[in-house]
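Me: I should like to learn how the features of a structural model are read, one at a time. Could we proceed by question and reply?

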Amino acid sequence: MNDDARRGTPSKDARATDVQELVVVVGERMQRRSDEIVASMDAAIESAVEDLGESELTDMLRASVEGNVATILHMISNDIPLDRIQPITAATEYAVRLARHGVPAAALRRAYHIGSDDLFNQMFAEIQQLDCAPDLKLELLHHFAGWMHKYVDWMTRVVLDAHEEEQRVLVQQSENVTSALVEQVLSGGAFDTEEFATKTGYRLDGTHLGAIAWIEGPAQGADQTPTLAAAAETLTVAAGGGGAPLFVPVDRRTAWLWTTTAGGTVVDVSRLRTAVQAVPGLRVAFGKPAVGVAGFRRSHEQAEAVRIVASTATVRHSRAVYYGEDGMSATAVLARDLATTRRFVADTLGRLAIDSPAAERLRDTTRVFLRTGGSYVQTSEELVLHRNTVKYRLQKAEDERGRPISDNRLDLELALHVCHVLGRPVLMPKEKRSSGR
């Protein structure tokens, strides 16, 4: 005889049987009150979750609640294990409709937690009415709490997956429509400006800053669209844009974008550059702001023209390039034939074209000196150098070049500019030191 029997207390198996029998009793009682329970849950969810107020959604919410309650009470009353549960059609359809109405997944998740809390309170009230020992009621309470947790965890995953999939489909459809309309505008085909504005959310009668953005880095196979979309919002703010940008994914790591600029044709390139450099792997080519449909096209064409500069350059500041910067369009032409450009740079700069920190300092000093019209004062201020240091570097630059700065000055300025923008691709490899043997 075991200890439970000697003490006159029920065995664990007998107690488990008692609990299960009471579970069925609670389930049957709640089934008789199912309409009342559904109404209570429905009201609790509607009052707690603001995003579910539309009449169509309200009707579908009640159908979803009815489906969940009927399933739960049926399983409890008939002792059906959780692993035999099937997705509830009304619940998954409700999740899909919420996605179509733009209701976020967080609202759906909250609805399930509010509803489950209300239903558990109904279970607790039924348990309190049972004629059994308090410790048995406590075991029942624990049983229902665990059961409801597992059910809600499983069901929320099902409906959130349905919501996410519908959102993905809607985004894809919207992107396809937007992409087709943008292609019509860029190709010069017939289109309706009001239809374009309605379907894309972007108007064509403003001043447009067009850009091409892409992600470079080790994760080339990953879908970078969310990162690019977030970057588009940041770049719009940096450009002083009004309203949401027009974002058109091209592939998994490239996108076209436009924003209307409140400041007209004035662009703060330094702000754009800072915004680009804050996103790992992001590179962006910007056109110049231009007005109307023609400006929409032209700014995009300019971005496409200088894109090769950002994709070729190895210097950090050239991760963002702007068509309107002095010499940028010429640099883009030179970047299309790097072998020829590299020979031009070497012939023009001599040993100044070596890829080394020392040569880079001499190139930058010379470039700024020429850009400031040969002003020692402005050069020293811009580079934060003593005037004598500027003079020393310019003399050293002439020595390395092998001829005066005044010789072939236009070629010299262009070569220095190309080195500054593109970096290593147009420089000569650093010379190895002799071993002395």
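**Reading the model feature by feature**

Reply: Let us begin with a single residue: Glu-195 is placed in helix α8, residues 193-200. Please bear in mind throughout that this is a predicted model.

Me: Is Glu-195 buried, partly exposed or exposed?

Reply: The class follows from relative accessible area: under 20% is buried, over 50% is exposed, and partly exposed lies in between. Glu-195 has a relative accessible area of 33%, and is therefore partly exposed.

Me: What C-alpha separation is found between Glu-195 and Leu-181?

Reply: The two residues are 14 apart along the chain, and their C-alpha atoms are separated by 9.2 Å.

Me: Which domains does the assignment give for the protein chain?

Reply: The assignment lists domain 1 (13-170), domain 2 (202-332) and domain 3 (337-426). For a distance between domains, one may take centres over C-alpha atoms; for domain 1 and domain 2 these are 48 Å apart.

Me: How many cavities of 30 Å³ or more does a search of the whole structure find?

Reply: The search finds 1 such cavity. The volume of the largest cavity is about 160 Å³. Its lining comprises 17 residues, and those closest to the centre are Met-41, Ile-45, Asn-68, Ala-111 and Tyr-112.

Me: Which elements give two or more residues to that lining?

Reply: They are α3 (34-48), α4 (55-77), α6 (105-128) and α7 (134-187). The greatest contribution comes from α6, with 6 residues.

Me: How do the lining residues of the largest cavity divide into nonpolar, polar and charged?

Reply: The lining holds 13 nonpolar and 4 polar residues, and no charged ones.

Me: Where is Gly-115 found, and is Gly-115 buried or exposed?

Reply: Gly-115 is found in helix α6. With a relative accessible area of 2%, Gly-115 is buried, because the cut-off for that class is under 20%. A sequence separation can also be set beside a spatial one: Gly-115 and Ser-40 are 75 residues apart in sequence, and 8.8 Å apart in space, C-alpha to C-alpha.

Me: I should now like to read a helix. What span should α9 have, and what is the distance between its end C-alpha atoms?

Reply: The expected span of a helix is 1.5 Å times one less than its number of residues. Helix α9 (residues 225-238) has 14 residues and should therefore span 20 Å; the end C-alpha atoms are 20 Å apart, which agrees.

Me: Which residues of α9 are buried?

Reply: The buried residues are Thr-225, Leu-228, Ala-231, Ala-232, Leu-235, Thr-236 and Ala-238. These cover an arc of only 150 degrees around the axis, so they lie on the same side of α9. The face turned away from that buried side carries the exposed residues Pro-226 and Val-237. Just after α9, Gly-240 takes a positive phi of about 70 degrees.

Me: How does the same reading apply to α13, and which of its residues are buried?

Reply: Helix α13 (residues 338-349) has 12 residues; at 1.5 Å a residue they should span 16 Å, and the end C-alpha atoms are 16 Å apart, which agrees. Thr-341, Val-345, Thr-348 and Leu-349 are the buried residues of α13. Their arc around the axis is only 80 degrees, which puts them on the same side of α13. On the other side, Arg-343 and Asp-347 are exposed.

Me: Which residues of α16 are buried?

Reply: First, the length: α16 (residues 387-401) has 15 residues and reaches 21 Å from its first C-alpha to its last, close to the 21 Å expected. Its buried residues are Val-390, Arg-393, Leu-394, Ala-397 and Arg-401. Seen down the helix axis, they fall within an arc of 100 degrees, so they line one face of α16. Tyr-392 and Asp-399, on the other side, are exposed.

Me: What is phi of Val-384, and what is phi of Asn-408?

Reply: For Val-384, phi is near 55 degrees, a positive value in a residue other than glycine. Val-384 is found in the loop between α15 (376-383) and α16, and counts as exposed at 71% relative accessibility. For Asn-408, phi is near 45 degrees, again positive in a residue other than glycine. Asn-408 is found in the loop between α16 and α17 (409-422), and counts as partly exposed at 46% relative accessibility.

Methods: Residues numbered from 1 in each chain as written. Predicted model: local features only at pLDDT ≥ 70, side-chain atom pairs only at ≥ 80, totals over all residues. Heavy atoms only, no water. Domains from an automatic or database assignment. 1 Å grid on protein atoms, 1.4 Å probe; cavity = no way out; pocket = protein on both sides within 12 Å on 5 of 7 lines; lining within 4 Å. Points joined across faces, edges and corners; volume = space filled by probe spheres on them. Helix = DSSP H or I, 4+ residues; strand = E, 2+ residues; numbered from the N terminus. Nonpolar A, V, L, I, M, F, W, Y, C, P; charged D, E, K, R; others polar. Buried < 20%, exposed > 50% of the residue type's maximum accessible area, 1.4 Å probe, protein only. Arc of directions from axis to C-beta.
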